[in-house]
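Biologist: Could you take me through a few local features of this model? I would like to begin with how two of the helices are arranged.

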Amino acid sequence: MKQNRRIACYLSHSHAHGGIQSPALLLKGHYASYLAGIMIILRHCESEFNRHYNLHGGDPGLEDPHLSAEGKAHAQDLALKLADRGIRRILVSPFTRALQTATPLAQRLGITPQIMPLVRERGMYSCDKGTPASVLASAWPHLDFAHIDEHWWSPLPESSASLESRAQQFRQIMAQDARASETLVVSHWWFLLSLTGESFENGDWQHFSP
């Protein structure tokens with residue numbers, strides 16, 4: 001996986017410079033403290049929009065879709081795989097598919113996800129029209145939506161310049177964030193592509209340094 005290749009490079013560099021003596025310690029579990037400033041970024045799991053799009057092509061007209069059955073199972077699996085990665089904070093897009101992806105891991109770790117509209121999806125398709133903040137607050141009463149606008153999603157279509165501006169703003173915020181190395185960010189395909197230059201499949205994750 002991409003993240004393992006990055007860790008291998010980090011280990012190789014550390015040993016070459018007389019650093020970490022036990023790579024097994026890193027690969028076993030709580031190695032986030034060794035990766036100062038490096039967070040984990042994750043694309044949400046498969047949504048009903050993704051499922052319909054992959055089967056039939058074209059926009060199925062689903063606004064703010066939920067995860068598919070496969071997506072929900074994948075989110076449960078990710079909760080197991082990411083549980084020992086030193087995550088102590090989860091920043092999540094307000095889209096329902098992202099909230100549902102974050103939920104199993106948050107419950108397993110006893111973390112309340114923090115809503116971050118900045119990492120929302122680019123406004124392109126029906127799925128990129130969100131749910132008003134007041135409605136989300138009723139559906140997710142344990143989460144805080146008070147700090148976001150009622151209509152927080154991007155206009156359709158969102159320009160490339162607008163998307164890149166959001167990605168750059170996120171980089172700047174996280175570059176100064178002392179908790180970056182203990183943070184998981186749950187986001188979307190277009191945003192992560194702008195952030196990293198890489199295409200993420202549903203449920204893909206990797207380490208990222210702003």
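Modeller: Please keep in mind that this is a predicted model. Helices α7 and α8 are roughly perpendicular to each other, because the angle between them is about 65° and angles of 65 to 115 degrees count as roughly perpendicular.

Biologist: How far apart are the axes of α7 and α8, and which residues does α8 span?

Modeller: The axes are 9 Å apart, and α8 covers residues 189–196. The crossing of α7 and α8 is right-handed.

Biologist: Which residues make the contact?

Modeller: From α7, the contact uses L163, E164, R166, A167, F170 and R171, and from α8 it uses W190, F191, S194 and L195. Sorted by class, the contact of α7 with α8 has six nonpolar, one polar and three charged residues.

Biologist: What about α4 and α5, at what angle do they pack?

Modeller: Helices α4 and α5 pack at about 40°, with axes 8 Å apart, and α5 comprises residues 96–109. Their crossing is right-handed. On the α4 side the contact is made by A75, Q76, A79 and L80, and on the α5 side by Q100, T101, P104, L105 and R108. The contact of α4 with α5 has five nonpolar, three polar and one charged residues.

Biologist: Changing topic to the backbone: where is there a cis peptide bond?

Modeller: A cis peptide bond joins L156 and P157, with omega at about -5°. As background, most peptide bonds are trans.

Biologist: Where does P157 lie, and is it buried or exposed?

Modeller: P157 is in the loop between α6 (133–139) and α7 (160–175). P157 has a relative accessible area of 64%, so P157 counts as exposed, the cut-off being over 50%.

Biologist: What does P157 touch beyond its sequence neighbours?

Modeller: Not counting residues up to four places away in sequence, P157 touches G123 and M124. P157 and R122 are 35 residues apart in sequence, yet their C-alpha atoms are 7.9 Å apart in space.

Biologist: And L156, the other partner in that cis bond: which serine is it in contact with?

Modeller: L156 is in contact with S126. Leaving aside neighbours within four places in sequence, S126 also contacts F49, D59, G61, L62, E63 and D64. S126 lies in the loop between β3 (114–115) and α6, and it counts as buried because its relative accessibility is 14%, the limit being under 20%.

Biologist: D64 is in that contact list; what is its phi?

Modeller: Phi of D64 is near 40°, a positive value in a residue other than glycine. For context, most residues other than glycine have a negative phi. D64 sits in the loop between α3 (48–56) and α4 (69–81), and D64 is buried, with a relative accessible area of 6%.

Biologist: One last matter: how many disulfides does a search of the whole structure find?

Modeller: The search finds zero disulfides.

Biologist: Are C45 and C127 buried or exposed?

Modeller: C45 is buried, with a relative accessible area of 0%. C127 is buried as well, at 6%.

Note on methods. Residues are numbered from 1 along each chain as its sequence is written. This is a predicted model: local features need pLDDT of at least 70, side-chain atom pairs count only at pLDDT 80 or more; totals for chains, interfaces and linings use all residues. Side-chain values use heavy atoms; hydrogens and water are left out. Helices (H or I, at least four residues) and strands (E, at least two) are DSSP runs, numbered from the N terminus. Buried means under 20% relative accessible area, exposed over 50%, partly exposed in between (1.4 Å probe, protein chains only). Contact means heavy atoms within 4.5 Å. Axes are lines fitted to C-alpha atoms, for helices over the stretch in contact, and angles run from 0 to 180 degrees between N-to-C directions. Angles under 35 degrees count as roughly parallel, over 145 as roughly antiparallel, 65 to 115 as roughly perpendicular and the rest as oblique. A crossing is left-handed if the near helix is turned anticlockwise from the far one by less than a right angle, and right-handed if clockwise. Ala, Val, Leu, Ile, Met, Phe, Trp, Tyr, Cys and Pro count as nonpolar, Asp, Glu, Lys and Arg as charged, and the others, Gly among them, as polar. A disulfide is a pair of cysteine sulfur atoms within 2.5 Å.
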